[in-house]
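Reader: I want to see how the labels on this model are earned. Take me through the reasoning, please.

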Amino acid sequence: MSTTIRNESEKINIDQIIRANVPLRMHSTYRTGGAADYLAEPGHLDELREALRWAEERNLPVTILAGGSNVLISDKGVEGLVILLTGLNRHHIRGVLCVAHSGLPLDTAINVAIEHNLSGLEPLGGLPGSIGGAVWGNAGVREVSIMDFVEWVDYVDYGGNLFRYYPFKADRQYRASFFSGKECVLYEVALRLIPNKNSSEARLAKEESRNIRLRKGQFDLPSAGCMFKNPPGESAGRLIEKTGLKQMNYHGAIVSANHANFILKSSQDTTSADIYALSEMVREKIEKETSISLEREVQLIGRW
Ligand SMILES: Cc1cc2nc3c(=O)[nH]c(=O)nc-3n(C[C@H](O)[C@H](O)[C@H](O)COP(=O)(O)OP(=O)(O)OC[C@H]3O[C@@H](n4cnc5c(N)ncnc54)[C@H](O)[C@@H]3O)c2cc1C
């Protein structure tokens, strides 16, 4: 299903949503990286489409950024247009569906669902980032991932055409989705949840999930979560730990002592290049010792 662009976008003052040479470090949980050549912050669908059209007319590459909790932004900045989705954050409840714009923080979506006596997402409590980012990479914890709940996703291709996607079971991939690697922007997500009679129990369960992360020190120092995906039948963290790489340090980028798959930024001066260099050292060492080639989970953005 495709919808053509309406003429409403002509009313949009494009200069109000696009700025040049905008630092991005505050839009990444690592707090590193350079500037976007251009940054658009759309607040609704027509602005998003207009930003895409603006980039297409100038033949500029497009990069999508939301919560910035699974990216490493190049110190040399990002070429072309970065579209930051945090302004797309409206939501509503329709029966057992929680319908949210993609830039809404996942944690907020979980709170809204609980307030409406809808359950299921509590194990994802405290997971950083947006609902769209979570769907893009099928974020999750051991027992639950976001795709378990997705009823449909409205997304826009880079030509501005709007589509609705209904996932099916075979779609459920580990830390990947139908959208990963495609030129599209997830715009709105509907999650099918489970009615509950006791919202306070759900609230406690959600808070406990968040507290577990806090107790593990996940937010003590900047990171982007797991650097590598788990190889089939293995745990990347366990491999890194077994290889004796915990607390390996390169210019303040450190392999976490708590969770060896997290690379932390321990100093203000640590750059994206330092974090990347350490991750490559880890990857090469693991490959040499175990012949397993780790695939990066954290997305590299910009001029690498
Ligand atoms: C402390 C910490 C703990 C974490 N723990 C977990 C965990 O337990 N499990 C887990 O799975 N992840 C975890 N993560 C990683 C991260 O939270 C998730 O991957 C999150 O879902 C990313 O969402 P985001 O909005 O921050 O995406 P971003 O980092 O902004 O983007 C990630 C990728 O998705 C693309 N993208 C984002 N939104 C859209 C959209 N609307 N349309 C098209 N493309 C889009 C971006 O282009 C980029 O390639 C953790 C991160 C941190 C910092």
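Author: What follows is a set of short questions and answers on a predicted model.

Reader: Why is Ser 28 called buried?

Author: Buried means under 20% relative accessible area. Ser 28 has a relative accessible area of 1%, so it is buried. It sits in the loop between strand 1 and strand 2.

Reader: What makes the link from the side chain of Ser 28 to the backbone nitrogen of Tyr 30 a polar contact?

Author: The distance is 3.1 Å. The limit for such a pair of N or O atoms is 3.5 Å, so the pair falls inside it. Beyond its sequence neighbours up to four places away, Ser 28 also touches Gly 68, Val 71 and Ile 73.

Reader: Why is Arg 31 called partly exposed?

Author: Its relative accessibility is 33%. Partly exposed is the range between the 20% and 50% cut-offs, so Arg 31 belongs there. Arg 31 lies in the loop between strand 1 (18-23) and strand 2 (35-40).

Reader: What makes the backbone of Arg 31 worth a remark?

Author: Arg 31 has a positive phi of about 55°, although it is not a glycine. Asn 138 is another case, with a positive phi of about 45°. Asn 117, just after helix 2, takes a positive phi of about 55°.

Reader: How do you know whether Asn 138 is buried or exposed?

Author: Asn 138 has 2% relative accessibility. The cut-off for buried is under 20%, so Asn 138 counts as buried. Its place is the loop between helix 3 and strand 9 (140-141).

Reader: Now the interior. Which residues touch the most other members of the largest nonpolar core?

Author: Val 135 and Leu 191 do, in a core of 31 residues. Strand 7 (97-101), helix 2 (106-115), helix 3 (131-136), strand 11 (150-157) and strand 13 (184-192) each supply at least two of its residues. Helix 2 gives the most, with five.

Reader: What does Val 135 touch?

Author: Leaving out residues up to four places away in sequence, Val 135 touches Ile 146, Met 147, Val 150, Val 153, Ser 177, Phe 179, Leu 186 and Val 189. There is also a second, separate core of 21 residues. Ile 18, Leu 48, Trp 54 and Val 185 are among its members.

Reader: Which residues of helix 2 are buried, and what do they pack against?

Author: The buried ones are Leu 106, Ala 109, Ile 110, Val 112, Ala 113 and Ile 114. They pack against strand 6 (91-94), strand 7, strand 8 (118-119), helix 3 and helix 4.

Reader: Turn to the ligand. How many residues surround it, and which are the closest?

Author: The ligand has 33 residues around it. The closest are Ile 64, Ala 66, Ser 69, Ser 130 and Gly 140. Strand 3 (62-65), helix 3 and strand 13 each supply at least two residues of the shell. Helix 3 gives the most, with four. By class, the shell divides into 16 nonpolar, 15 polar and two charged residues.

Reader: What makes the pairing of the ligand with Ala 134 a polar contact?

Author: An oxygen atom of the ligand is 3.3 Å from a polar backbone atom of Ala 134. The cut-off is 3.5 Å, so the pair qualifies. A ligand oxygen is also 2.9 Å from a polar backbone atom of Gly 67. For Asn 70, the distance from a ligand oxygen to a polar backbone atom is 2.8 Å.

Reader: How much of the ligand does the protein cover?

Author: On its own, the ligand has 980 Å² of accessible area, and the protein covers 93% of that.

Reader: Why is Phe 228 called buried?

Author: Phe 228 has 1% relative accessibility, and the cut-off is under 20%, so Phe 228 counts as buried. Phe 228 is in the loop between helix 4 (199-215) and helix 5 (236-242). Its contacts beyond four places in sequence include Ile 240, Val 282 and Leu 294. Glu 297 is 69 residues away in sequence, yet 4.6 Å away in space, C-alpha to C-alpha.

Reader: And why is Gly 302 called partly exposed?

Author: Gly 302 has 35% relative accessibility, between the 20% and 50% cut-offs, so it counts as partly exposed. Gly 302 lies in the segment after strand 18 (299-301). Apart from neighbours within four places, Gly 302 is in contact with Ser 74, Gly 77 and Val 78.

Definitions and conventions
Residues are numbered from 1 along each chain as its sequence is written. This is a predicted model: local features need pLDDT of at least 70, side-chain atom pairs count only at pLDDT 80 or more; totals for chains, interfaces and linings use all residues. Side-chain values use heavy atoms; hydrogens and water are left out. A nonpolar core is a set of buried Ala, Val, Leu, Ile, Met, Phe, Trp, Tyr and Cys residues joined through side-chain atoms within 4.5 Å. Buried means under 20% relative accessible area, exposed over 50%, partly exposed in between (1.4 Å probe, protein chains only). Contact means heavy atoms within 4.5 Å. A residue is near a molecule or strand if one of its heavy atoms lies within 4 Å of it. A polar contact is a pair of N or O atoms within 3.5 Å; within protein, one must be able to donate a hydrogen and the other to accept it, and residues adjacent in sequence count only if both atoms are side-chain atoms. Accessible areas come from the Shrake-Rupley method with a 1.4 Å probe; for residues, only the protein chains shown count as cover. Ala, Val, Leu, Ile, Met, Phe, Trp, Tyr, Cys and Pro count as nonpolar, Asp, Glu, Lys and Arg as charged, and the others, Gly among them, as polar.
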